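Let's take a friendly walk through a protein model, from one helix to the packed interior. Keep the structure open beside you as you read.

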Amino acid sequence: IKRKEKHLTLSQGPNHISIIAYNKDNKIASRPADILINVDDPLNDAPFLYVIAAGITDYRDRSLKLKYAHSDAEYISRKFKERGKGLFKDVHVTSLINEKATREGIEQAFKDISDKIKPSDVFVLYFAGHGKAFEGEYHFIPWEALYESSEALQKASISHEMIKRLFVKYIPALKSLIILDTCASEITTRTRGME
């Protein structure tokens, strides 16, 4: 008895397969052997992962310059793409590096995702750069901010309240994660959640 193997690519749901054997002259055929295979691909119902990763090393204000923030954001973006395969249906990463990580650019990234993201999906926000506490509230310092005074810096920054508003307005995902790779990030652990 000879054994043959054939790999098939099957669709989600029921697949009807019929096997017929022929003699070496292809003149005599066996009765068909029918089989029904039901494919239930767990990734068919898997969520999508959406990531916004902002990293700023070279600020517009050179006195704010850092060393590794942009490469940290690039690394995180790459790792989410690599490790998300097989866990999520697809991974969509928006990387905002240096001059792209403006207040307007970050808000636009949220807007762009809002057209696609669903409640069943997962969302991650990653900030690497300068963070500062003003009046006990966390603020992320975007690329265009100038350190002319504490008041000017606070006005140009992205506050914890603004982050909450962006989530409420644009992100319906029921599972979200915020990673703050900045100074003063511990302030957020003492404030209420994103509700």
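**A helix with a buried face**

We begin with helix α1, whose buried residues are Ala69, Ala73, Ile76, Ser77 and Gly84. Looking down the axis of α1, you would find these buried residues within an arc of 100°, so they line one face of the helix. Here the arc is taken from the directions that run from the helix axis to the C-beta atoms. "Buried" means under 20% relative accessible area, "exposed" means over 50%, and "partly exposed" is in between, using a 1.4 Å probe and protein chains only. Helices (H or I, at least four residues) and strands (E, at least two) are DSSP runs, numbered from the N terminus.

Before going further, note that this is a predicted model, in which local features need pLDDT of at least 70 and side-chain atom pairs count only at pLDDT 80 or more, while totals for chains, interfaces and linings use all residues. Residues are numbered from 1 along each chain as its sequence is written, and side-chain values use heavy atoms, leaving out hydrogens and water.

What covers the buried residues of α1? The cover includes β3 (49-55), β4 (91-97) and β5 (122-128), where contact means heavy atoms within 4.5 Å. The length of α1 can be checked too: the expected span of a helix is 1.5 Å times one less than its number of residues. The 16 residues of α1 (residues 69-84) should therefore span 22 Å, and the end C-alpha atoms are 22 Å apart, which agrees. Just after α1 comes Gly86, with a positive phi of about 90°.

**Salt bridges**

A salt bridge is counted when a side-chain nitrogen of Lys or Arg is within 4 Å of a carboxyl oxygen of Asp or Glu. How many salt bridges does this rule give? The count comes to three, and the table lists them.

| Lys residue | Acidic partner | Closest N and O atoms |
|---|---|---|
| Lys65 | Asp58 | 2.2 Å |
| Lys79 | Glu82 | 3.2 Å |
| Lys164 | Glu161 | 3.4 Å |

Lys79 and Glu82 both sit in helix α1, three residues apart, or about one turn of the helix. Lys164 and Glu161 are likewise three residues apart, about one turn, in helix α4 (residues 160-170).

Are these residues buried or exposed? Lys65 counts as exposed because its relative accessibility is 51%, while Asp58, at 34%, is partly exposed. Lys79 is partly exposed at 25%, and Glu82 is partly exposed at 41%. In the α4 pair, Lys164 is buried, with a relative accessible area of 15%, whereas Glu161 is partly exposed at 34%.

**The nonpolar cores**

A nonpolar core is a set of buried Ala, Val, Leu, Ile, Met, Phe, Trp, Tyr and Cys residues joined through side-chain atoms within 4.5 Å. The largest such core has 32 residues, and those with the most contacts inside it are Ile52, Ile106, Phe110, Phe123, Leu125, Phe127 and Ile171. At least two residues come from each of β3, α2 (103-114), β5, β7 (137-140) and α4. Helix α4 gives the most to this core, with five residues. Apart from it lies another core of 13 residues, among them Val51, Ala53, Ile97 and Ala128.

Phe123 is a good residue to click on. Beyond residues up to four places away in sequence, the residues it touches include Tyr50, Ile52, Phe110, Phe167 and Ile171.

**Aromatic pairs**

Rings of Phe, Tyr and Trp (its six-membered ring) pair if their centres lie within 6.5 Å; planes under 30 degrees apart count as stacked, over 60 as edge-to-face and the rest as tilted. The structure holds five aromatic pairs. One of them joins Phe123 and Phe167 edge-to-face, at 5.4 Å centre to centre with 80° between the planes. This pair links distant parts of the chain, with Phe123 in strand β5 and Phe167 in helix α4, 44 residues apart. Phe123 counts as buried at 0% relative accessibility, and Phe167 as buried at 7%.

Phe127 and Phe140 have ring centres 4.1 Å apart and planes at 10°, so this pair is stacked. Phe127 lies in strand β5 and Phe140 in strand β7, 13 residues apart, and both are buried. Finally, Phe110, Phe123 and Phe167 form one aromatic cluster.
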